[in-house]
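Visitor: Please take one part of this model and go through it closely. Give the cut-offs as you go.

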Amino acid sequence: MPASYPSIHEIEEIFQKGEGGHEGFIDHFDPKVQLTVVGHDHHLAGESSGLDTLKDDHFAHFAEIMDFSKPNKVEIVRVIGGGESPWACVEVVATGKSKAGKKVHHECCFVVRFNMEGKISKLRAYYDSAHMDEHVKVHKEHVAKNGTT
């Protein structure tokens with residue numbers, strides 16, 4: 001068992017790696033991670049497990065919509081927990097541009113559990129589902145009109 005789980009500062013650094021894509025962020029997940037996106041009618045809502053599912057289904061969805069060639073920012077508003085607790089709550093504001101050229105200002109909260117190796121073993125995502133659904137709709141319209149993703 002670790003002397004402590006990732007500290008607030010370390011958790012901030014982990015989530016900051018989501019800026020510009022998810023490549024560095026993925027390294028901080030347990031291969032058997034359990035993901036829950038909370039919601040009822042949200043297109044991403046549901047449960048899944050495994051790092052491949054997280055990359056191929058969940059994070060790929062954001063890569064399809066976001067234009068990571070444009071400046072984007074991940075602001076960690078606050079972290080509660082970590083250190084002596086395996087659980088932490090991370091409040092995030094992500095801003096950037098979508099591939100349809102629309103401004104993205106997405107506020108969300110993640111409840112995470114770290115395993116004894118300091119990797120994220122559980123992630124519960126609370127997204128601004130109306131905001132996300134609007135970007136999906138605009139993206140689909142953009143693809144239909146321009147024929148590109």
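Guide: Buried means under 20% relative accessible area, exposed over 50%, and partly exposed in between (1.4 Å probe, protein chains only). By that rule, 41% of the 149 residues of the protein are buried. The model is predicted: local features need pLDDT of at least 70, side-chain atom pairs count only at pLDDT 80 or more, and totals for chains, interfaces and linings use all residues. Residues are numbered from 1 along each chain as its sequence is written, and side-chain values use heavy atoms, leaving out hydrogens and water.

The protein has four helices and six strands (DSSP runs numbered from the N terminus; helices are H or I, at least four residues, strands E, at least two). Their order from the N terminus is α-α-β-β-α-β-β-β-β-α.

Now the close look: helix H1, residues 8–16. Ile 11, Ile 14 and Phe 15 are buried there. Viewed down the H1 axis, the buried residues fall within an arc of 90 degrees (directions from the helix axis to the C-beta atoms), so they line one face of the helix. An α-helix has 3.6 residues a turn, so residues three or four places apart point the same way.

What covers that face? The cover over the buried residues of H1 includes helix H2 (23–26) and strands S3 (73–81), S4 (87–97), S5 (103–114) and S6 (120–126). Contact means heavy atoms within 4.5 Å. Across the protein, among contacts between residues at least 6 apart in sequence, 53% join residues at least 24 apart.
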